[in-house]
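Here's a quick walk through a predicted model. Have the structure open and follow along.

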Amino acid sequence: DVPYYAALNEQHIVSLRHDFGAIDSIKELLQESRSQFLNPEAVYPLDSFLKTGANPGSSEILPVYADTIGGDFDNADLHWHTDTNNGTVNIAFRFSSRMDREEMKQLPGLYVAILEEIIKAA
């Protein structure tokens with residue numbers, strides 16, 4: 001069970017959770033993510049969310065996705081966002097000092113590989 005958070009709008013964050021043992025394909029993952037995003041179980045005010053973070057002494061991480069939403073996600077262990085301008089899509093990743101720097105360098109390539117698989121399956 002892997003929780004992560006997505007910016008719903010400029011004032012709210014939603015919690016998304018996936019049981020990866022029950023998901024058989026990227027298509028199922030995307031469908032479930034979209035369904036949860038459109039019908040969230042939990043919605044948090046952005047300002048209170050930004051004041052909290054993962055427990056520094058735990059192995060728990062706080063990942064956040066935002067789509068061109070402003071905000072300071074300094075308490076997030078992993079923050080990525082997309083921005084579309086002039087027909088291009090820019091993807092940016094930020095990570096906290098709690099994350100392994102060398103492993104995080106691999107993350108953009110893994111993300112692109114997932115996107116390529118999604119395109120092939122479409």
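## The largest pocket

The largest pocket in this predicted model comes out at about 1200 Å³. Its lining takes in 32 residues, and Tyr4, Leu30, Ser33, Trp80 and Tyr111 are the ones that lie nearest the centre. If you want to trace the lining by element, look at strand 1, strand 2, helix 1 (26-38), strand 4 (63-67), strand 5 (78-85) and helix 3, since each gives two or more residues.

What sort of residues line the largest pocket, by class? The lining has 28 nonpolar residues, along with 2 polar and 2 charged ones.

## Overall layout

Stepping back, the protein has 3 helices and 6 strands. Going along the sequence, they come in the pattern β-β-α-β-α-β-β-β-α.

The protein has 122 residues, and 25% of them are buried. Take the contacts with a separation of 6 or more: 35% of those are between residues 24 or more positions apart.

## Ser33 and Pro3

Ser33, one of the residues nearest the centre of the largest pocket, sits in helix 1. Is Ser33 buried or exposed? Its relative accessibility is 13%, under the 20% cut-off, so Ser33 counts as buried. Setting aside neighbours within four places in sequence, Ser33 is in contact with Tyr4, Leu16 and His18. Tyr4 is itself on the list of residues nearest the pocket centre.

Pro3 is in strand 1. At 27% relative accessibility, Pro3 counts as partly exposed. Leaving out neighbours within four places in sequence, Pro3 is in contact with Leu16, Arg17 and Pro63. Leu16 therefore turns up in the contacts of Ser33 as well as in those of Pro3. Pro3 and Ser15 are 12 residues apart along the chain, and their C-alpha atoms are separated by 6.8 Å.

## Ile118 in helix 3

Now over to Ile118, which is found in helix 3. Ile118 has a relative accessible area of 23%, so it falls in the partly exposed class. With neighbours within four places in sequence left aside, Ile118 is in contact with Ile26 and Leu30.

How far apart are the C-alpha atoms of Ile118 and Leu30? They are separated by 9.3 Å, while the two residues are 88 apart along the chain. Leu30 is also one of the residues nearest the centre of the largest pocket.

## Strands and their partners

Strand 2 (residues 12-18) is mostly covered, with 5 of its 7 residues buried. Strand 2 pairs with strand 3 (residues 43-45) in the antiparallel sense, over 3 bridges. To find the register, start from Val14, which stands opposite Val43 in strand 3.

Strand 5 and strand 6 also run antiparallel, joined by 8 bridges. Here a handy landmark is His79, which stands opposite Arg94 in strand 6. These two strands form a hairpin with 2 residues between them. In the turn, Asn86 has a positive phi of about 50 degrees.

## Aromatic pairs

How many aromatic pairs does a search of the whole structure find? The count is 2. One is Tyr5 with Tyr44, an edge-to-face pair at 6.3 Å centre to centre and 65 degrees between the planes. This pair links distant parts of the chain, with Tyr5 in strand 1 (residues 2-7) and Tyr44 in strand 3, 39 residues apart. Tyr5 is buried, with a relative accessible area of 16%, whereas Tyr44 is partly exposed at 34% relative accessibility.

Then there's Phe93 with Tyr111. Why is this pair called edge-to-face? The ring centres are 5.6 Å apart and the planes are at 80 degrees, and an angle over 60 degrees counts as edge-to-face. Phe93 lies in strand 6 (residues 88-95) and Tyr111 in helix 3 (residues 101-121), so the pair ties together parts that are 18 residues apart in sequence. Phe93 counts as partly exposed at 23% relative accessibility, and Tyr111 is partly exposed with a relative accessible area of 21%. Tyr111 also brings us back to the start, as one of the residues nearest the centre of the largest pocket.

Methods. Residues numbered from 1 in each chain as written. Predicted model: local features only at pLDDT ≥ 70, side-chain atom pairs only at ≥ 80, totals over all residues. Heavy atoms only, no water. Buried < 20%, exposed > 50% of the residue type's maximum accessible area, 1.4 Å probe, protein only. Helix = DSSP H or I, 4+ residues; strand = E, 2+ residues; numbered from the N terminus. Pairing = 2+ DSSP bridges. Phe/Tyr/Trp six-rings, centres within 6.5 Å; stacked < 30°, edge-to-face > 60°. 1 Å grid on protein atoms, 1.4 Å probe; cavity = no way out; pocket = protein on both sides within 12 Å on 5 of 7 lines; lining within 4 Å. Points joined across faces, edges and corners; volume = space filled by probe spheres on them. Nonpolar A, V, L, I, M, F, W, Y, C, P; charged D, E, K, R; others polar. Contact = heavy atoms within 4.5 Å.
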